[in-house]
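Work through the exercises below with the sequence and the structure open. Each task is followed by a solution in steps.

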Amino acid sequence: MLTDYYEIQRYEGSGYKPLISFGAWRVAVLRYLDELKPENIFSMERHLCTDEVFILIQGKALLFVGGNNSKVDEIHPIEILIGEVCNVKKASWHTLVLSEDAQIIIVENDDTNKENSETTRLDEKNRSIICEIAKDFLNRK
């Protein structure tokens, strides 16, 4: 049977959805959700056991990284361009801002979860930086 050789998955909802897992890795889709609006970002996360790859396939995405110390260092914005493969290194603080039409493919270890990841609350200075930069980015044509 032909479907023994391939699998096609689609996701039309909002937020994060794993689509395919095999062995040690998984592929997921991240689509816009209100939690990723600049004014709703209060924290950053990091994964302690895996890098995380982002591939923007539609819309606009801005990645913010904050170092890999125990708390977020200086915030750095990185625009992800359509088709680029952006690898966030293991244990690096990060968060994303997406346009409403954005869709990102994520590749990471299949066992990535809350037990082997950390979240840290952003201070007001870093929240303000993210909000200001992200709003300018999203309003740019």
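Helices (H or I, at least four residues) and strands (E, at least two) are DSSP runs, numbered from the N terminus. The model is predicted, so local features need pLDDT of at least 70 and side-chain atom pairs count only at pLDDT 80 or more, while totals for chains, interfaces and linings use all residues. Residues are numbered from 1 along each chain as its sequence is written, and side-chain values use heavy atoms, with hydrogens and water left out.

**Exercise 1. Place Ala 91 and describe its backbone.**

Step 1. Ala 91 sits in the loop between strand 7 and strand 8.
Step 2. Its phi is near 70°, a positive value in a residue other than glycine. Most residues other than glycine have a negative phi.
Step 3. Buried means under 20% relative accessible area, exposed over 50%, and partly exposed in between (1.4 Å probe, protein chains only). Ala 91 has 19% relative accessibility and therefore counts as buried.

**Exercise 2. Find the buried and the exposed face of helix 1.**

Step 1. Helix 1 (residues 124-139) has 16 residues and reaches 22 Å from its first C-alpha to its last. This is close to the 22 Å expected at 1.5 Å a residue, where the expected span is 1.5 Å times one less than the number of residues.
Step 2. The buried residues of helix 1 are Asn 126, Arg 127, Ile 130, Cys 131, Ala 134 and Phe 137. They lie on the same side of helix 1 because they cover an arc of only 140° around the axis; the arc is that of the directions from the helix axis to the C-beta atoms.
Step 3. An α-helix has 3.6 residues a turn, so residues three or four places apart point the same way.
Step 4. Exposed residues on the face turned away from the buried side are Glu 124, Lys 125, Glu 132, Asp 136 and Asn 139.
Step 5. Contact means heavy atoms within 4.5 Å. The cover over the buried residues of helix 1 includes strand 5 (61-65), strand 6 (76-80) and strand 8 (94-98).

**Exercise 3. Describe the nonpolar cores.**

Step 1. A nonpolar core is a set of buried Ala, Val, Leu, Ile, Met, Phe, Trp, Tyr and Cys residues joined through side-chain atoms within 4.5 Å.
Step 2. The largest one has 17 residues, of which Leu 30, Phe 54, Leu 63, Ile 80, Leu 96, Leu 98 and Ile 104 touch the most other members. Strand 5 gives the largest share of this core, three residues.
Step 3. Leaving out residues up to four places away in sequence, Ile 80 touches Phe 54, Leu 56, Ala 61, Leu 63, Cys 86 and Leu 96.
Step 4. A second, separate core of twelve residues includes Phe 64, Val 72, Ile 75 and Leu 122.

**Exercise 4. Place Leu 122 and list its contacts.**

Step 1. Leu 122 lies in the loop between strand 10 and helix 1.
Step 2. Its relative accessibility is 7%, so Leu 122 counts as buried.
Step 3. Among the residues that Leu 122 touches are Ile 41, Met 44, Val 72, Ile 75, Arg 127 and Ile 130.

**Exercise 5. Place Ile 106 and compare sequence with space.**

Step 1. Ile 106 belongs to strand 9 and is buried, with a relative accessible area of 2%.
Step 2. Ile 106 and Arg 26 are 80 residues apart in sequence, yet 8.1 Å apart in space, C-alpha to C-alpha.
Step 3. The contacts of Ile 106 include Arg 26, Val 27, Leu 30 and Phe 54.
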